[in-house]
Amino acid sequence: SANVRGEVLRLTDSWQEILRRADCPYSVRNLLGEAVAATVLLVETIKFDGSLTLQVRGAGQVELLVVQVTSENTLRGMAKCADVVTGETMQELLGDGQMAITIEMGEGKQDYQGIVPLVGERLQDAIQGYFENSEQLPTRVWLSADENSVSGLFLQKLPGAATQDEDEEDHWDRMTLLAGTVKDEELQTLDADRLLYHLFNEEVVRVFEAESLSFQCTCSRERTAGAIKAMPKTEALEIVEQEGDIKVQCQFCKADYVFNKADVEALFDERQY
């Protein structure tokens, strides 16, 4: 009866696939996990036929976080950090930074990008700031991550008249007050039904069918070849002369692509490319 929508998220297998390819300390791992959870929650707020990418750039020990989720329910993520990481909090790890959310809507549709500064103590604060600035919809987000899983809870106030005696603001204030009691341990250990009952046992909650996600990288030899072809031919051949090959490793899945001199020559031969 309240104009409030929500999402509950927990990823295990797909998160483990990302972790198998990510070599980073636990503080960066947890920050990446929160970014994964946030991106999946964001995807469910829009309807599109493409991909949503969350990119966080920092000036601290973590230079870059990137998570991408597609409308086909696939995801991938990576973190780029210094060799030695001593920070624990988001501010210590990222310093002054910014968060960009890019939505590729699909063929024939206009893409969208929103950029906001990193504010607050945790990534969830920055996500809430994004919605306040870009979407102008009251939104609350709770994120949690560890070595086993990533979890999240998302609430958003929807426009429309309340159907009970209470007004919209009363509904929203009550829902966020109840949800605000959630603890990281509860997000990580309680299944969706138990979590919702624990938080909203005096409310009528309508639950929709769950959706599954899986890890999948979009890299390929063809895409990598296209990136090499975007270089000047002289520069590409110079790398081959110095290194013997052009070796490219995907930062998301760690797949290696190797191009020898003949491969590079063929790339720049329009008859063969």
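Let me start with how the elements are named: helices (H or I, at least four residues) and strands (E, at least two) are DSSP runs, numbered from the N terminus. With that in hand, we can place leucine 190, which lies in the loop between α6 (184-189) and α7 (192-200). We'll come back to that residue at the end.

A word on what you are looking at. This is a predicted model, in which local features need pLDDT of at least 70 and side-chain atom pairs count only at pLDDT 80 or more, while totals for chains, interfaces and linings use all residues. Residues are numbered from 1 along each chain as its sequence is written, and side-chain values use heavy atoms, with hydrogens and water left out.

Now the overview. The protein chain has 10 helices and 11 strands, and its C-alpha trace spans about 75 × 45 × 30 Å along the principal axes. Of its 273 residues, 43% are buried; buried means under 20% relative accessible area, exposed over 50%, and partly exposed in between (1.4 Å probe, protein chains only). As for contacts, meaning heavy atoms within 4.5 Å, take those in the chain with a separation of 6 or more: residues 24 or more positions apart account for 62% of them.

Let's move to the sheets. Strands of a sheet pair through backbone hydrogen bonds, either parallel or antiparallel. Here, two strands pair if DSSP finds at least two bridges between them.

One open sheet has six strands, in the order β6-β5-β2-β3-β4-β9, with mixed pairing. Its edge strands are β6 (112-117) and β9 (214-215), and each pairs on one side only. Helix α2 (residues 26-43) packs on this sheet, where it touches β2 (51-57), β3, β4 and β5 (98-104), and its direction makes about 35° with that of β3. For that angle, axes are lines fitted to C-alpha atoms, for helices over the stretch in contact, and angles run from 0 to 180 degrees between N-to-C directions.

Within that sheet, look at strand β3 (residues 62-70), which runs antiparallel to β4 and is joined to it by seven bridges. Two of the partnerships are easy to find: leucine 65 has alanine 79 in β4 as its bridge partner, and leucine 64 has lysine 80. On to β9, which pairs with β4 in the parallel sense over two bridges. There, threonine 74 has serine 214 in β9 as its bridge partner.

What sits in the turn between β3 and β4? The two strands form a hairpin with three residues between them, and asparagine 73 in the turn has a positive phi of about 65°. Most residues other than glycine have a negative phi. Asparagine 73 is buried, with a relative accessible area of 18%. Lysine 254 also has a positive phi, about 70°, although it is not a glycine. You will find lysine 254 in the loop between β10 and β11 (256-259), and at 36% relative accessibility this lysine counts as partly exposed.

There is also an open sheet of three strands, in the order β1-β8-β7, with antiparallel pairing. Why is one side of β1 and of β7 left without a neighbour in the sheet? Because β1 (4-11) and β7 (139-145) stand at the edges, each with a single partner strand. The twist averages 5° from one strand to the next. Seven bridges join β7 to β8 (residues 150-157), and tryptophan 142 stands opposite leucine 153 in β8.

Next, a pocket. The second largest pocket has a volume of about 250 Å³. Of the 14 residues lining that pocket, the closest to its centre are Arg76, Cys219, Cys250, Gln251 and Phe252. Elements giving two or more residues to the lining are β4 (74-81), α8 (221-229) and β10 (246-249). For the cut-offs: on a 1 Å grid over the protein atoms alone, a pocket is an open set of points where a 1.4 Å probe fits, with protein on both sides within 12 Å along at least five of seven lines, and lining residues have an atom within 4 Å of a point. Grid points are joined across faces, edges and corners, and a volume is the space filled by probe spheres set on the points.

Finally, back to leucine 190. Is this residue buried or exposed? Leucine 190 is buried, with a relative accessible area of 14%. Leaving aside neighbours within four places in sequence, leucine 190 is in contact with Arg10, Leu195 and His198. Leucine 190 and arginine 10 are 180 residues apart along the chain, and their C-alpha atoms are separated by 9.7 Å.
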